[in-house]
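The following exercises work through a predicted model. Each gives a task and then a stepwise solution.

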Amino acid sequence: MKIARIETFMVPPRWLFCRVETDDGLVGWGEPVVEGRAEVVRSAVDVLSEHLLGQDPLRIQDHWQVLTKGGFYRGGPVLSSAVAGLDQALWDIAGQAYGAPVHALLGGPVRDTVRVYAWVGGDEPAGLREQITAQVEAGFTAVKMNAAGATSPLSTPAETAAVVARVAAAREVLGPDRDVAVDFHGRFTAATARRILTELAPLHPLFVEEPVVPEQSHLLPGLVASGPVPLATGERLYSRAEFLPVLNAGVAVAQPDLSHAGGISEVHRIASLAETYGALLAPHCPLGPIALAASLQTAFATPNFLIQEQSRGIHYNKDADLLSYVVDPEPFRFVAGHAVRGDRPGLGITVDETAVRAADRAGHAWRNPVWRHADGSFAEW
Ligand SMILES: [Mg+2]
């Protein structure tokens, strides 16, 4: 069996899919994308395809080595995401070739269901209670929300209070038996993060995510030591090597993205690395159905798994949503806030190829907003 064809599809709302076909007719799907840089990753996939065409798709580990290291220069979001999508597609093909779901190929399932959380509240507090109530009524046991929009470099009392008020409102709706995770999104300085973390501690968030931007990860030990709130990070880290320092810093939750951090192969290894620190895996996934399928396959086979992000109804999903490109929604039918393990081969989903090809003709040009502080200077989004 040889890899015969590799195609990419830019589909709304902001995704990039890849399709890998073998000469005996197997098709594997992957989702290689950096949100807002989809065209760039598409070019990277095209270049990397030179290494795969004509090769045995089942030599996943060897392909991973060549794709990540064979170009001499390595790492970074674009290359790591291109590799991630191709890696997912190769695992999808392997599952079909061996007649087994990916989680079986990773050593077999360690759980029957995977807890997922729903997004509430974009960057504004309006409607937060209603959104959380709707997710609770839909069965979810955990939600995640952004803490604030652009905030002064050292938060004012009003800004600090506003963050605490919205998390307190969430806690009130959720009660003590459900969870709220709070995403700082790297929007705060370390000093502001420390101040807000202290105030949030009594509200018992599941975790606080990206308390500082990744390039300030050397400040994480101080934030970890500043209080009891579990810290999470990792959506902007792309390899085991980049997770090592944050795990050493004491983060409680590792959040690699299956479509950014080298795919199923590397996230499986990142999970094992995190396990040696007693840290838990909560993969980032505000993306499409293929990235989520890859995440769930990994979660079913990962002992130190905590919870899975998923994008159904997320504020980014304007012109299409999680189910727009799959033939059968069953793998994403959540029961009491949990995905249920299936036994379909590969990634376990059937991509609606007709819908994907049609959507690619329209394409998309999604970009994240660029924010400014009141004085006109750049603000982290
Ligand atoms: Mg995040």
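**Exercise 1. Determine how β1 and β2 are paired, and then establish the strand order of the sheet to which they belong.**

Solution.
Step 1. Begin with the pair itself: β1 and β2 run antiparallel and are joined by eight bridges. Within this pairing, F9 is found opposite F17 of β2.
Step 2. Next, follow the chain out of β1. P13 lies in the loop between β1 and β2, and the peptide bond that joins P12 to P13 is cis, with omega at about 10 degrees.
Step 3. Continue from β2 to β3. These two strands are also antiparallel, with four bridges between them. One position in this pairing is R19, whose bridge partner in β3 is W29.
Step 4. Examine the connection. β2 and β3 make up a hairpin in which four residues separate the strands, and G25 in the turn has a positive phi of about 95 degrees.
Step 5. Assemble the sheet. The three strands form an open sheet in the order β1-β2-β3, with antiparallel pairing. β1 (3–11) and β3 are the edge strands; each has a single partner, so one side of each lacks a neighbour in the sheet. On average, neighbouring strands are turned by 20 degrees against each other, direction ignored.

**Exercise 2. Identify which helices pack on the sheet through β1 and β2, and give their directions relative to β1.**

Solution.
Step 1. Helix α1 (residues 38–52) packs on the sheet and touches β1 and β2. The direction of α1 makes about 180 degrees with that of β1.
Step 2. Helix α12 (residues 353–362) likewise packs on the sheet, touching β1 and β2. For α12, the angle with the direction of β1 is about 60 degrees.

**Exercise 3. Describe the side of domain 1 that touches domain 2, by element and by residue class.**

Solution.
Step 1. Fix the domains: domain 1 covers 3–100 and domain 2 covers 104–347. Their centres, taken over C-alpha atoms, are 25 Å apart.
Step 2. Count the participants. In domain 1, 36 residues are in contact with 26 residues of domain 2.
Step 3. Assign the domain 1 side to elements. Two or more residues each come from β2 (15–22), β3 (27–30), α2 (60–69) and α3 (77–98). The largest share, 15 residues, belongs to α3.
Step 4. Classify the residues on this side of domain 1: 19 are nonpolar, 13 polar and four charged.

**Exercise 4. Characterise the span 125–230 and the packing of α5 against α6.**

Solution.
Step 1. Start from the record. An unreviewed UniProt entry places the feature "domain: Mandelate racemase/muconate lactonizing enzyme C-terminal" at residues 125–230. In the model, this span is 42% helix and 11% strand, and its end C-alpha atoms lie 23 Å apart.
Step 2. Obtain the geometry of the helix pair. α5 (residues 128–137) packs against α6 (residues 157–174) at an angle of about 35 degrees, and the axes are 10 Å apart. The crossing of α5 past α6 is right-handed.
Step 3. List the residues that meet. From α5 they are L128, R129, I132, T133 and V136, and from α6 they are R166, A169, A170, V173 and L174.
Step 4. Sort these contact residues by class: seven are nonpolar, one is polar and two are charged.

**Exercise 5. Locate H185 and state what sets its backbone apart.**

Solution.
Step 1. H185 is situated in the loop between β6 (179–183) and α7 (190–200).
Step 2. The phi of H185 is positive, at about 60 degrees, although this residue is not a glycine.

Notes. Residues are numbered from 1 along each chain as its sequence is written. This is a predicted model: local features need pLDDT of at least 70, side-chain atom pairs count only at pLDDT 80 or more; totals for chains, interfaces and linings use all residues. Domain bounds come from an automatic or database domain assignment. Two residues are in contact if their C-beta atoms, placed from the backbone, lie within 7 Å. Ala, Val, Leu, Ile, Met, Phe, Trp, Tyr, Cys and Pro count as nonpolar, Asp, Glu, Lys and Arg as charged, and the others, Gly among them, as polar. Two strands pair if DSSP finds at least two bridges between them. UniProt positions are given in the numbering used here, feature names are shortened, and annotations may be inferred rather than shown by experiment. Axes are lines fitted to C-alpha atoms, for helices over the stretch in contact, and angles run from 0 to 180 degrees between N-to-C directions. A crossing is left-handed if the near helix is turned anticlockwise from the far one by less than a right angle, and right-handed if clockwise.
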